[in-house]
Amino acid sequence: MFKMKELNTNIQYATTPSEEGKAARVSIISSSETYSLRLEVLWQHKNSLEECKLDIDDMSTTFHVGVFKDNEIVAIGTFLQQQNEKFDAKNQYRLRAMATSPKVRGENFGKQVIDFALEELKNRKVDLLWCDARKVALGFYEKMGFNILGDFYEIPIIGKHKLMYKRI
Ligand SMILES: CC(C)(COP(=O)(O)OP(=O)(O)OC[C@H]1O[C@@H](n2cnc3c(N)ncnc32)[C@H](O)[C@@H]1OP(=O)(O)O)[C@@H](O)C(=O)NCCC(=O)NCCS
């Protein structure tokens with residue numbers, strides 16, 4: 001378990017011992033810090049880091065979480081304010097572009113992204129987090145306490161997804 005040090009928007013980080021005993025760090029990051037992992041892990045069909053920018057990246061309500069191991073970014077997630085009409089919750093956020101470097105999968109870095117974001121979302125009085133979950137990631141989100149709503153649907157180029165959500 002990591003220890004949250006601060007959760008206001010000025011200083012946001014937490015530390016946890018990584019497997020080698022060196023400190024891993026989780027924090028709010030800038031949108032541009034997400035691009036390299038987005039390209040490597042999520043959107044290999046794109047040709048450049050610039051193409052990995054999302055139109056919602058720099059909206060005032062959007063935030064990005066990153067985990068660093070030995071000063072290298074190893075896991076990311078982007079959280080944006082977006083209502084989904086399938087849910088009745090008043091203040092919803094959507095998770096997009098969640099990824100962990102293939103070098104460090106299964107070391108709980110993805111979990112650290114989600115745990116850190118959930119604290120931030122609680123501070124923002126968000127009551128539901130949802131995402132389009134890739135088929136390969138359904139088990140991860142289930143482990144994180146997300147539920148599935150409905151059947152598979154296809155997102156062009158990427159593949160099969162299910163709508164998943166977690167009440168906060
Ligand atoms: C899905 C992904 C982000 C998980 O990241 P990760 O850092 O490897 O996950 P963690 O190590 O934090 O895993 C947390 C828990 O979920 C489990 N888990 C992780 N991925 C899983 C999967 N695909 N299926 C089932 N369980 C999974 C872990 O075993 C761990 O369980 P434990 O607490 O019982 O040990 C990562 O595999 C990834 O980047 N995949 C490719 C991109 C992708 O599909 N992103 C999601 C887009 S919707």
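## Ligand shell and backbone of a predicted model

By class, the residues in the shell around the ligand split into ten nonpolar, five polar and five charged. The structure is a predicted model. The shell holds 20 residues, and those that come nearest the ligand are Thr-100, Gly-110, Lys-111, Gly-139 and Phe-140. Five elements give two or more residues to this shell: α1 (35–42), β6 (92–100), α2 (109–123), β7 (128–134) and α3 (138–143).

### Overall fold

The protein chain has three helices and nine strands. Along the sequence they follow the pattern β-β-β-α-β-β-β-α-β-α-β-β. The chain has 168 residues, and 26% of them count as buried. Take the contacts between residues at least 6 apart in sequence: 57% of these join residues at least 24 apart.

### Helix α2

Helix α2 (109–123) is among the elements that give two or more residues to the ligand shell. Does its length fit, or conflict with, what 15 residues should span? At 1.5 Å a residue, α2 should span 21 Å. The end C-alpha atoms of α2 are 22 Å apart, which agrees.

Which residues of α2 are buried? They are Phe-109, Gly-110, Gln-112, Val-113, Ile-114, Phe-116, Ala-117 and Leu-121. Gly-110 is thus on the buried list, and Gly-110 is also one of the residues that come nearest the ligand. Just after α2, Lys-125 takes a positive phi of about 60 degrees.

### Positive phi angles

Most residues other than glycine have a negative phi. Three residues with a positive phi are set out here.

| Residue | Phi | Place |
|---|---|---|
| Ala-97 | about 50 degrees | strand β6 |
| Lys-125 | about 60 degrees | just after α2 |
| Ile-157 | near 75 degrees | loop between β8 (147–155) and β9 (159–167) |

Is Ala-97 buried or exposed? Ala-97 has 22 C-beta neighbours inside 10 Å. A residue is buried if 20 or more lie within that distance, so Ala-97 counts as buried. Ala-97 is found in strand β6, and β6 is one of the elements that give two or more residues to the ligand shell.

Is Ile-157 buried or exposed? Ile-157 has 8 C-beta neighbours inside 10 Å. The cut-off for an exposed residue is 12 or fewer, so Ile-157 counts as exposed. Ile-157 sits in the loop between β8 and β9.

Key
Residues numbered from 1 in each chain as written. Predicted model: local features only at pLDDT ≥ 70, side-chain atom pairs only at ≥ 80, totals over all residues. Near = placed C-beta within 6 Å. Helix = DSSP H or I, 4+ residues; strand = E, 2+ residues; numbered from the N terminus. Nonpolar A, V, L, I, M, F, W, Y, C, P; charged D, E, K, R; others polar. Expected span 1.5 Å × (residues − 1). Contact = placed C-beta atoms within 7 Å.
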